[in-house]
Amino acid sequence: MAIVDVKVPQLSESVAEATLLQWKKRPGEAVAADEIIIEIETDKVVLEVPAPAAGVIAQLVRNDGDTVASDEVIARIDTEGSAAVSPLEIKPVAAVASAPAAAAPAATGGNKGDVAMPAAAKLLADNGLSTAQVAGSGKDGRVTKGDVLAAVAGGAKPAAAPAAAAIPTGVPTKALPAVSIPTGPNTLGERPEQRVPMSRLRARVAERLLQSQATNAILTTFNEVNMAPVMEMRKKFQEKFEKEHGVKLGFMSFFVKAAVHALKKYPVINASVDGNDVVYHGYFDIGVAVGSPRGLVVPVLRNADQMTFAEIEKKIAEFGAKARDGKLGLDDLTGGTFSISNGGTFGSMLSTPIINPPQSAILGVHATKDRAVVENGQVVVRPINYLAMSYDHRIIDGREAVLGLVAMKEALEDPARLLFDI
């Protein structure tokens, strides 16, 4: 018998521990080398743990939902065993026995194509579908969120009602109790509830937001931007841009460029506080807030001042795909000197974004709508976007904040400024 340990991958210095999600293999089941056997959630990303060698799962040392640290042994593989229960199975995973039936298709079998990504698994459960009903287009045939959406749009129907509520945290839970329709005027009926542990990412986001509000003197300044010049330029060059670079020309690249333009003029907006010191950054790493199935994440565009419009659009598209499939790495999310949050994607008209520490400012972008405005004494209709910039008043005075936002407004209303850096 040759035993190989399965260990937790090396976590970054800023990540002390992680949480095991759901085992995809059981003791006694065969596993191929490099086959993903479990996903581990940190407060930033979800890491896939591959089998270090082919063989049979001999022992699951840690359970679903357990907290683990770097290099900790979480399972053992018998490289000489056959697909039967190994004698080393001395610690079965208690949570496995009570795992929801809806999660079984993603957790059993040796075929990688039976595995659904976390976002896809939730959609499958919500629609009462199984991985057998959806063709996977992800790596090694894994089912992605896009695959499920396509199947639903194509008229896929549930074979049977799901037996349990699937929770994206990977923590097994009991199904909600059945709710009966009240039959009499005095019948209150049942009021079902379900208590679900916060994912590690959600808990970390909550912690950082509270930390930001407790430690920063947050103030928000607003301005309105006529987006007609950007929209006209985008319409004029969209087709040629996509043909040349293989990616669509979106609005976010303009907002990133406008932000960098303003940060160069007012460096304190790009600075951060470290104790009693103000750290001025000579580089421009712009975080772009992205909604993912696990919650809000902020991947970072490194050296955004040196990136072209095409490079920005390609990187944002890459971040979006990674976030959707749970593939964002720690390097993608580490650092950042300024952030942009685009609530307009969901229809937001106005908001006061919270600073992402240790940064000192964040730009909130909203939905562009036709609005009546006054130009040269005349009421005209223009596509208007309300910009909001929250800043740390401890180091950024109102003058710099207002002028910084005005610089962004001017760059967007006259995009040629971005080409000539004026």
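Visitor: Is L350 buried, partly exposed or exposed?
Guide: In this predicted model, L350 sits in the loop between β16 (338–342) and β17 (361–365). Buried would need under 20% relative accessible area, and exposed over 50%. The relative accessibility of L350 is 44%, so L350 counts as partly exposed.

Visitor: Which residues make the nonpolar surface patch of about 290 Å²?
Guide: Residues enter a patch at over 30% relative accessible area, and L350 has 44%. The patch of about 290 Å² is made by L350 together with M349 and F222.

Visitor: Which helix gives the most to the largest nonpolar core?
Guide: The largest nonpolar core holds 75 residues, of which I74, I269, F338 and I340 touch the most other members. Nine of its residues come from one helix, the top contributor, spanning residues 252–265: α7. Domain 1 (3–78) and domain 2 (202–419) each supply at least three residues to this core. The helix asked for is thus α7.

Visitor: How many residues are in the second, separate core?
Guide: Among the members of this second core are A120, V134, V143 and A151. The core is separate, and its residues number nine.

Visitor: What distance separates the end C-alpha atoms of helix α8?
Guide: Helix α8 (residues 309–325) has 17 residues, and at 1.5 Å a residue it should span 24 Å. The distance in the model agrees with that expectation: 25 Å.

Visitor: Which residue follows α8?
Guide: The buried residues of α8 include F309, E313 and D325. After α8 comes a residue with a positive phi, near 70°: G326.

Key
Residues numbered from 1 in each chain as written. Predicted model: local features only at pLDDT ≥ 70, side-chain atom pairs only at ≥ 80, totals over all residues. Heavy atoms only, no water. Patch = residues over 30% accessible without salt bridge, like charges linked within 9 Å, V, L, I, M, F, W, Y side chains within 5 Å. Areas by Shrake-Rupley, 256 points an atom, 1.4 Å probe, with all protein chains shown as cover. Salt bridge = Lys/Arg side-chain N within 4 Å of Asp/Glu carboxyl O. Helix = DSSP H or I, 4+ residues; strand = E, 2+ residues; numbered from the N terminus. Buried < 20%, exposed > 50% of the residue type's maximum accessible area, 1.4 Å probe, protein only. Core = buried A, V, L, I, M, F, W, Y, C linked by side-chain atoms within 4.5 Å. Domains from an automatic or database assignment. Expected span 1.5 Å × (residues − 1).
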